[in-house]
Structures are given as structure tokens and as C-alpha cells.
Amino acid sequence: MATLAAPRPAPAPAPPTYREITRDVAATLGKPGRAYYVLLGFVVSVLAVGVFALLHQIRYGLGVAGYRPPVQWGVYITTFVFWVGIAHSGTLVSAILYLFRSAWRTAVYRTAEVMTVFAVLTAGLFPLIHVGRIWYAYWLIPYPNQRQLWVNFKSPLLWDVFAVTTYLTVSSIFLIVGLIPDIASVRDVASGWRKKLYRITALGWRGTDQQWRHYTRAYLYLAALATPLVLSVHSVVSWDFAMSIVPGWHTTIFAPYFVAGAIYSGCALVITLLVPLRKAFKLERYIHEDHFENLAKLLLLTGMLVGYAYAAEYFIAWYSGNDYERSSFYFRAFGDYWWATWTMIICNGFLPLFLWFKKIRRSIPAMFVLSLFINLGMWFERFVIIVVSLSHEYEPYAMGHYTPSWVDWSILAGSFGWFFMWFLLFAKNFPMVSIAEVKEIIPMPRREAAHP
Amino acid sequence: MKRHPPGVLAAFQHVDAAARAIRQLKSLGYRNLTVYAPVPNYEVLQAVGHPVSPVRVWTLIGGVAGCLSGYAMTMWMSYDYPIVVGGKPLGSIPPYIVIMFELTILLGALATVAGLVYHGIRTHRAAAYDPRFTDDLIGIFVPVAPERWTAVEQALREAGATEVRGEA
């Protein structure tokens, strides 16, 4: 293929030295400025609104959310699927691209991984909020009890419990294990209370031969375990719907369709986060147009898959000859919720087509704007699948309409506050660019030229 | 932290020089070297020449244990309090595969971390350290009695060490 590739116009600037990498990344952990506190204050107040709405719901019951039969799954489950989906690209970038030995991931994978952990942390709240009586949430876990009752392992909702808990555990492990050498690096240049914090959290890391020997193996196997896990988690989430007989849900395409959509939305949020992050932390030297272009290519691929899935869904609804299925899909496009459907189709099916143009893939402002639209579209995709299908099932007398109440919207907003609060706190206290892995792709200096 | 034994600590800027020093020290019969590197460098680790880490055995055992416990748990619980759901057999393997799969990954990952911690502690050796070893220098610590420091220091310098010092 080498003969087909266009020659690179400008030679790449000299790579940073190891010392510069350590200093540049450690510099992001300094004393935060005023803007940081303002932003943190803002997201915490958004979170407070969500907490207030939740307390209101706990006090007066689930009725204060907009649920009316037949639509009993609304904004909460939509937001749950949205955040679980967001999480997926983090593991894709950190584990799958690690196994493929793709070098560009090193500069961006920490951000993606942090996003993953906090997105799962956010997602995990929603089934609990959704069940209403949060204090009985432990009933989901198979634990020995007086009546000797066990959970129903044939239910996809229980598979979800196992999949999401496993995902939260494994992605946290992966993040923490990846952080250890970097924390040691910043420990050795930090001072004051931070040095104390890093001394404890570096767990005695010094980069000895034995430590690297066990570490590199463990990391490889963790990546190998995380790779099938990421594909399974959103498949399991999709089976929450596909295992039922609701028209619009009961299709075999759901698992790959959801996985592609998850990676699509996740990559979009990675871009949304990276653009301000690289500006604020002055990381332009490490995260540049090439990274955005590679992420854009992932967006383009998964966006085309998602677009194909939309088309296939409509085609099968028509081709099946099933009246209920046809009616459900007609209702999607032209019924009460036509605006949600068309938002989803335009944002996810058509806007990514701009990514065929290299100019847009390499333009950071354009990518930022596009990523916001894609996230909007992906939230609406889940809304359309969940709410629109439920409000238009088999029996016309049992059809209904769902309007989210202020409680639904506040808790949705609160989830963003929750996510960004963790993200901001993490970003200022732990390295957001992997020091060791960025160094790893730059060869160490040699005395004599390497043998060819 | 335990005091380290007396020895010589050397710092290298160049990866090939460090690898050469390690090979030379090994051929001179020095054992229990501690080599520090800011990145897992293939050349240096090759010179040190450890066998493959046993952490992978932990992953395998954890994964198999997770899969089996997933099977055992779902089947036992289904028969312990038999309730027919959806007209399906009490012990239905296909839906339980999801649980078995998730537990394979979960216990596999937890066992990997346990193995990492266990072997990290087991193979830990007290040695002198310099904070620049997580930055841009490769370090070698040779535990050796003070009377032989001069010989070791010379060997390290000849191999290309940029800094050498005795650590009591």
C-alpha cells in the first residue's frame, strides 16, 4: 500500500524528549485557576438540581416523573443506555487499539478511559433511580435470604446487572493499573501535599525490571479481557429490549446496532472532551490534528454502521409484512414523536457524511461542533427506540403518550453534572495523558546507531 | 521501607549503553541487579532476561474459576427454589451463558490484578533509587560490598554510565 499513499507534505516536528513529557504532563496538575472553580461550581450546582429532583421523587413516588401506562420506560432508561454507550469508546481506544498496537492511542486513551469509568458510574445510577424504591436496589444481587428466593437469571435485566457491574469493575481496574507508572512519574517531580498523595497512590512503583515484567503481562491480559467485555456489555443492554416482543425492539440486529452506536457516541464525547482539555492543559504538542482525524475515522465507520442499521430496521419492518412492526415504524417517522426520530436520523445518519472530507476531519472546531450534534442524536436514538416503541404497541386502546416531567429533565441534567464533576476533579489531580505510554512510542536515545 | 543493602547505583541516558552494562555485569557474575526504566524497554528487559511473568497463569485460573462459578451459581439457584419462568426448563443453559461469560471476565481481571500485586511484592528487592528513573534515565543498582565498589564503578563507567555512585 505504500506506493498508493500520498507523500506527507510537511515533515513532522521533532518529538518531545522524555523530560519534556514528564514536565508538560505534570504541569497540568498545578494549582487550578479561577475558571476551573467556576466551572466546577457550575457542574456541582447542576448536580444539585438533579439531586433535588431525585429527593422529590423519593418523597412523592415515581408518579412525579412523566410515566403513564403504557410508557413505563422513559428518560431514565434512555439516559442509562446513553451513558453506558458513551463508556464504550473508552475501552475501545484503550484496550482494543492497544491489542492492535496502534500508536496514536497513547496520547488520548487516558481521557477516553477516565470518561469510560465515570460514564459507567453515571449510567449505573439510572436503573436505581428508575426502580423508584432505591433502598431495595440490593434485591438485584443474588444473596442468601430468609425466603430462599433467588434472582431470575433468565431475565435480561439481571444479565444487565452482571454486565454493568463487571464493566465498572474491569474498566476501573484497567484505568488504575494504567495510572500507576504515571503517578510514580509525577510523584518524583511533585512537591507538597500532592507528593504525599502520589506516594500513596503510586503503590511503591519505581519501574524496576521485575515490576515491568509483571506489569506488561498483566496489562496485556487485562486488555484481552476488556475487549470481549466491551462488545458484550452493550449487546446485553440491547437484549433488555430485543428479548421482549415489543414491535420495534424484537429484532436480531440490536446487538451489533447498539455496539456500533455506543462506540459512535463515545468517540463523539471523547472529541467533545479533548478539544477544551488540550486547550486548557496546553497539550497541543501531544494531541493534534492526527488524533482528531483518527477519531473522526472511527466516527465515520461507526456512523455509517449506525446509518445502515436505521435503514435496515425500516426495510425489515416493511419487508416482514408484519402489520404491528410496520405501524410502529410509520409512527416513529410520522407520529407524535416525529421530531425525535428526525433529529436522530439527521444527526447520526447524515451529519457524519461530512467526515468524508479530510478538511473537516482535520478541523478541530468543526469536529467539536459535529461531536455535540452526534451526542444529541444518540440520546434521541435511545429515546426513539424506547419511548416511541412503548407508546405504540399492539392494542390501539392501550397506546399512549409520554411527556417527560421536570423531574425527568432535572435528573438528566444532574447526570451531566455528576459526570463532569468527577471528570474535572480527576483531570486536575491525576495525569490526563499517559506519561509512560507517550514515552514508549518515542525511542530512547542511543549511543550508537541501532543495527538495521 | 526496608533499608537497601550497600551497592553501586548507576544512571544511563542511553538505552544501548544500559543494556551493555547489564550484560557485562551478568557475565562478571553479579546477581540480583535492579534495573529501573521509565518505560518497558525491550532492549533493557531482554538484557535482564527474565522468563515470562507468571501473572498469566493467574488470569487463566481466574477466568476458568469465573466461568465454572457462573455455571454452578445459576444452576444451583435455579434448582434450589424451583420456579418455572416463561415455560422454560428450570436450568436453561443459553441465558446462563451471559452470566458465565461476565463472571469469566470479572474473576479473570480480578485474579490478574491479584497476581500482579502478589508477584510484585514477592519479587521486590530493596535497592537504592533516584527519582529521575521514572523520568528519562535508566538506572542499575548492583548490590555489592563496599570493598568491591571501585571495580563495579569502573565497569559501569566503561559501559557508558553518565553517573555512578556508591550507596551504603
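**Exercise 1. Compare the overall dimensions of chain B and chain A.**

*Solution.* Chain B has a radius of gyration of 25 Å, whereas a compact globule of 168 residues would have one near 15 Å. The radius of gyration is taken over C-alpha atoms, and the globule rule is 2.2 Å times the number of residues to the power 0.38. This is a predicted model, in which local features need pLDDT of at least 70 and side-chain atom pairs count only at pLDDT 80 or more, while totals for chains, interfaces and linings use all residues. Residues are numbered from 1 along each chain as its sequence is written, and chains are lettered from A and ligands numbered from 1 in the order in which they are written.

Next, take the boxes along the principal axes. The C-alpha atoms of chain B fill roughly 80 × 30 × 25 Å; those of chain A fill roughly 80 × 60 × 45 Å.

Then consider the secondary structure, where helices (H or I, at least four residues) and strands (E, at least two) are DSSP runs numbered from the N terminus. Chain A has 16 helices and zero strands. Its radius of gyration is 23 Å, close to the 22 Å given by the globule rule for 452 residues, so chain A is as compact as a globular protein of that length. Chain B has five helices and four strands, in the order β-α-β-α-α-α-β-α-β along the sequence.

**Exercise 2. Describe the side of chain B that touches chain A.**

*Solution.* Begin with the residue counts: 54 residues of chain B are in contact with 49 residues of chain A. A contact requires C-beta atoms, placed from the backbone, within 7 Å.

Then assign the elements. Helix H1 (15-27), strand S2 (34-36), helix H2 (42-48), helix H3 (55-80) and helix H4 (93-122) of chain B each supply at least two residues of this side. H4(B) gives the largest share, 16 residues.

Finally, sort by class. The side of chain B that touches chain A has 28 nonpolar, 19 polar and seven charged residues. Here Ala, Val, Leu, Ile, Met, Phe, Trp, Tyr, Cys and Pro count as nonpolar, Asp, Glu, Lys and Arg as charged, and the others, Gly among them, as polar.

**Exercise 3. Examine helix H3 of chain B and identify what covers its buried residues.**

*Solution.* First, the length: H3(B) has 26 residues and reaches 36 Å from its first C-alpha to its last, close to the 38 Å expected at 1.5 Å a residue. The expected span is 1.5 Å times one less than the number of residues.

Second, burial. A residue is buried if 20 or more other C-beta atoms lie within 10 Å of its own, exposed if 12 or fewer, and partly exposed in between. The buried residues of H3(B) include Trp58(B), Gly62(B), Gly66(B), Cys67(B) and Gly70(B).

Third, the cover: it includes helix H8 (209-242) of chain A together with H4 of chain B.

**Exercise 4. Locate the centre of the largest nonpolar core.**

*Solution.* A nonpolar core is a set of buried Ala, Val, Leu, Ile, Met, Phe, Trp, Tyr and Cys residues joined through C-beta atoms within 7 Å. The largest has 188 residues, and those with the most contacts inside it are Ala21(B) and Ile22(B). Beyond its neighbours within four places in sequence, Ala21(B) has contacts that include Ala10(B), Phe12(B), Ile140(B) and Leu156(B).

**Exercise 5. Characterise the surroundings of Glu325(A) and two loop residues of chain A.**

*Solution.* Glu325(A) lies in helix H11 of chain A. Glu325(A) counts as partly exposed because it has 19 C-beta neighbours inside 10 Å. Not counting residues up to four places away in sequence, Glu325(A) touches Pro247(A), Ala317(A) and Ser320(A).

Arg101(A), in the loop between H3 and helix H4 (105-123) of chain A, has a positive phi of about 55 degrees although it is not a glycine. Arg101(A) counts as exposed, with 7 C-beta neighbours inside 10 Å.

Pro70(A) is in the loop between helix H2 (34-60) and helix H3 (75-99) of chain A. A cis peptide bond joins Pro69(A) and Pro70(A), with omega about 10 degrees.

**Exercise 6. Assess the confidence of the model.**

*Solution.* The model scores ipTM 0.91 and pTM 0.91. By pLDDT, the predictor's confidence in each residue from 0 to 100, chain B averages 88, with 99% of residues scoring at least 70. The mean for chain A is 89, and 96% of its residues reach 70 or more. Over residues 1-5 of chain A the pLDDT is below 50, and this stretch has zero contacts beyond near neighbours in sequence. Where pLDDT is low, the predicted coordinates should not be read in detail.
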